[in-house]
Amino acid sequence: MLDDLRIRRYCDTDARVTRSIFERAVRVTAAADYTAEQLAAWVPEDRADTVLDDWAARRTAVTTWVAELDDSVVGFTDLDVKIGYLDMLFVDPDVGRGGVGSALIRHVLDEARAVGLREVTVQVSRTAQPVFARHGFVVVREQRVERRGVLIENAVMRMPLDASAG
């Protein structure tokens, strides 16, 4: 399956599909680790165009990549190369646990090294912690963040980089 995986830069036409993957990944994949109330606060049902416009602006404000299988977007990630912060990594539940997330993490780490970053940090859901740990990220601290009045547990993780590694 991953032999056909292609990772490319995000473009404006990817806004709707990446937003859909984000919503489905939270509602389906993360459902095993969070309550219905937490999921609803994380991803409310509001799908107004203003939400999509804001989404698209956030994707283009940082370097974002999408993963494609058979010309269909199946996941995405990003990196703020100024500060080494990975904000989003989401994979379509239909292909989850098939290596797409790992491929995206490897891509981000390669790009981070290429631009000379010394570390990458991320706030990671309970659901995503194991995949990040497999790639060498370590938990800095557990935390609870508030979304729409609801507390949601996650962890800050970091990955020190050796610029000569690759």
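Strands β2 and β3 pair in the antiparallel sense, over 7 bridges. Everything I say here refers to a predicted model. Strand β3 covers residues 72-79, and strand β2 covers residues 63-69. To place one contact in that pairing, leucine 69 stands opposite serine 72 in β3. The hairpin these strands make has 2 residues between them, and in it aspartate 70 takes a positive phi near 50°.

Now the other partner of β2. Strand β1, residues 6-9, pairs with β2, also in the antiparallel sense, over 4 bridges. Here arginine 9 stands opposite tryptophan 65 in β2.

Is β2 mostly covered or uncovered? Mostly covered: 7 of its 7 residues are buried. The side chains split between two directions. Thr63, Trp65, Ala67 and Leu69 point one way, while Thr64, Val66 and Glu68 point the other way, and all are buried.

Glu68 deserves some time. With which residue of β1 does glutamate 68 meet in a salt bridge of 2.6 Å, N to O? That residue is arginine 6. The pair links distant parts of the chain, since arginine 6 sits in strand β1 and glutamate 68 in strand β2, 62 residues apart. Glutamate 68 also forms a salt bridge with arginine 8, and there the closest N and O atoms are 3.0 Å apart. Arginine 8 lies in strand β1 and glutamate 68 in strand β2, so this pair ties together parts that are 60 residues apart in sequence.

The burial of these three residues can be read against a cut-off: buried means under 20% relative accessible area. Glutamate 68, at 7% relative accessibility, therefore counts as buried. Arginine 8 counts as buried because its relative accessibility is 16%. Arginine 6 has a relative accessible area of 44%, so it is partly exposed.

Next, helix α1, residues 15-29. Why does the distance between its ends agree with its length? At 1.5 Å a residue, its 15 residues should span 21 Å, and the end C-alpha atoms are 20 Å apart, which agrees. The buried residues of α1 are Ala15, Thr18, Arg19, Ile21, Phe22, Glu23, Ala25 and Val26.

There is a salt bridge inside this helix as well. The side chains of arginine 27 and glutamate 23 meet at 3.8 Å, N to O. Both residues lie in α1, 4 residues apart, which is about one turn of the helix. Arginine 27 counts as partly exposed, because its relative accessibility is 28%. Glutamate 23 has a relative accessible area of 2%, so it is buried.

Back to the strands for a moment: salt bridges that share partners join Arg6, Arg8, Asp14 and Glu68 into one network. A search of the whole structure finds 12 salt bridges.

Last item, the largest pocket. About 1100 Å³ of space lies in it. Which residues are closest to its centre? Of the 48 that line the pocket, they are Val26, Trp42, Leu89, Phe90 and Ser125. Val26 is also one of the buried residues of α1. Helix α1 gives the most to the lining, with 5 residues. By type, the lining of this pocket divides into 27 nonpolar, 10 polar and 11 charged residues.

To go over the main points again: β2 pairs with β1 and with β3, and glutamate 68 in β2 forms salt bridges with arginine 6 and arginine 8. Helix α1 holds the pair of arginine 27 and glutamate 23, and α1 gives the most to the lining of the largest pocket.

Conventions: Residues numbered from 1 in each chain as written. Predicted model: local features only at pLDDT ≥ 70, side-chain atom pairs only at ≥ 80, totals over all residues. Heavy atoms only, no water. Buried < 20%, exposed > 50% of the residue type's maximum accessible area, 1.4 Å probe, protein only. Pairing = 2+ DSSP bridges. Expected span 1.5 Å × (residues − 1). Salt bridge = Lys/Arg side-chain N within 4 Å of Asp/Glu carboxyl O. 1 Å grid on protein atoms, 1.4 Å probe; cavity = no way out; pocket = protein on both sides within 12 Å on 5 of 7 lines; lining within 4 Å. Points joined across faces, edges and corners; volume = space filled by probe spheres on them. Nonpolar A, V, L, I, M, F, W, Y, C, P; charged D, E, K, R; others polar.
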